[in-house]
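The following exercises concern the fold, the interior and the surface of one protein. Please work through each task before reading its solution.

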Amino acid sequence: MAVDRFPVEASHILMFARSIGDTNPIYYDEAHAAGTEVGSIIAPPTFAQASAQFDPDYFLRPKAGQKWFGSGATPSGAMAVEKEEPSDSKGDEKKSGSSAGGLHAEQHFTYHRHLQPGDVLTGETKPGENWEKESKRAGVLKFSESITEYRDENGELVVTARSVGVVTEKVIEQ
């Protein structure tokens, strides 16, 4: 994800906190926040992920006129790949929609300072480590890490987000 401009606004913080069900007044009540150690409204810990709304190419963001990966119509939103299977007893060909898929495995945020209304961030994503593990049910699991650094308008590092995805070799049948 590359984000050229991610404005942190009080109304965005309020709506984000409400959307995740967090009623802590430090996210919306200026008078309450002024009396805290921080001294102002701050954003919830996972708020940096909202930067995806400012990245027009973010792969999970729906695009007009295109099939959406995150539709949930298949496991993990993976697109089903039809393959022909042997005919049944009536001679009819059968098709199945199984395919391996990707999963979001981990997300970590390291805050170098609190996000506050008025911050304008940029985000740059870099590849991290890659590794594999063997699974009895899903075959080889391929893990990949990406690291996004969010910097403020002065170039100071504010948040480091580390995300780990995993791709399975085969679908786990229920």
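The exercises below refer to this predicted model.

**Exercise 1.** Determine which secondary-structure elements the protein contains and in what order they follow.

*Solution.* Begin with the inventory: there are two helices and seven strands. Next, read along the sequence, which gives the pattern β-α-α-β-β-β-β-β-β. Finally, consider the contacts with a separation of 6 or more: 56% of them join residues 24 or more positions apart.

**Exercise 2.** Identify the residues with the most contacts inside the largest nonpolar core, and the elements that each supply at least two of its residues.

*Solution.* Of the 174 residues, 28% count as buried. The largest nonpolar core has 21 residues, and Phe6, Ile13, Phe47, Leu115 and Leu121 have the most contacts inside it. Strand 1 (2-7), helix 1 (10-19) and strand 7 (157-168) each supply at least two residues of this core. Another core, of five residues, lies apart from it and includes Ala138, Leu141, Phe143 and Val166.

As a further step, examine Phe47: leaving aside residues up to four places away in sequence, Phe47 touches Phe6, Val8, His12, Ile13, Phe16, Tyr111 and Leu115.

**Exercise 3.** Establish whether Phe59 is buried or exposed, and where Phe59 lies.

*Solution.* The cut-off for an exposed residue is over 50% relative accessible area. Phe59 has 55% relative accessibility and therefore counts as exposed. In general, nonpolar side chains in soluble globular proteins tend to be buried together. Phe59 lies in the loop between helix 2 (30-34) and strand 2 (83-85). Together with Leu60 and Trp68, Phe59 makes a nonpolar surface patch of about 300 Å². The protein as a whole exposes about 11,300 Å², of which carbon and sulfur atoms supply 51%.

Terms used. Residues numbered from 1 in each chain as written. Predicted model: local features only at pLDDT ≥ 70, side-chain atom pairs only at ≥ 80, totals over all residues. Heavy atoms only, no water. Helix = DSSP H or I, 4+ residues; strand = E, 2+ residues; numbered from the N terminus. Buried < 20%, exposed > 50% of the residue type's maximum accessible area, 1.4 Å probe, protein only. Contact = heavy atoms within 4.5 Å. Areas by Shrake-Rupley, 256 points an atom, 1.4 Å probe, with all protein chains shown as cover. Core = buried A, V, L, I, M, F, W, Y, C linked by side-chain atoms within 4.5 Å. Patch = residues over 30% accessible without salt bridge, like charges linked within 9 Å, V, L, I, M, F, W, Y side chains within 5 Å. Salt bridge = Lys/Arg side-chain N within 4 Å of Asp/Glu carboxyl O.
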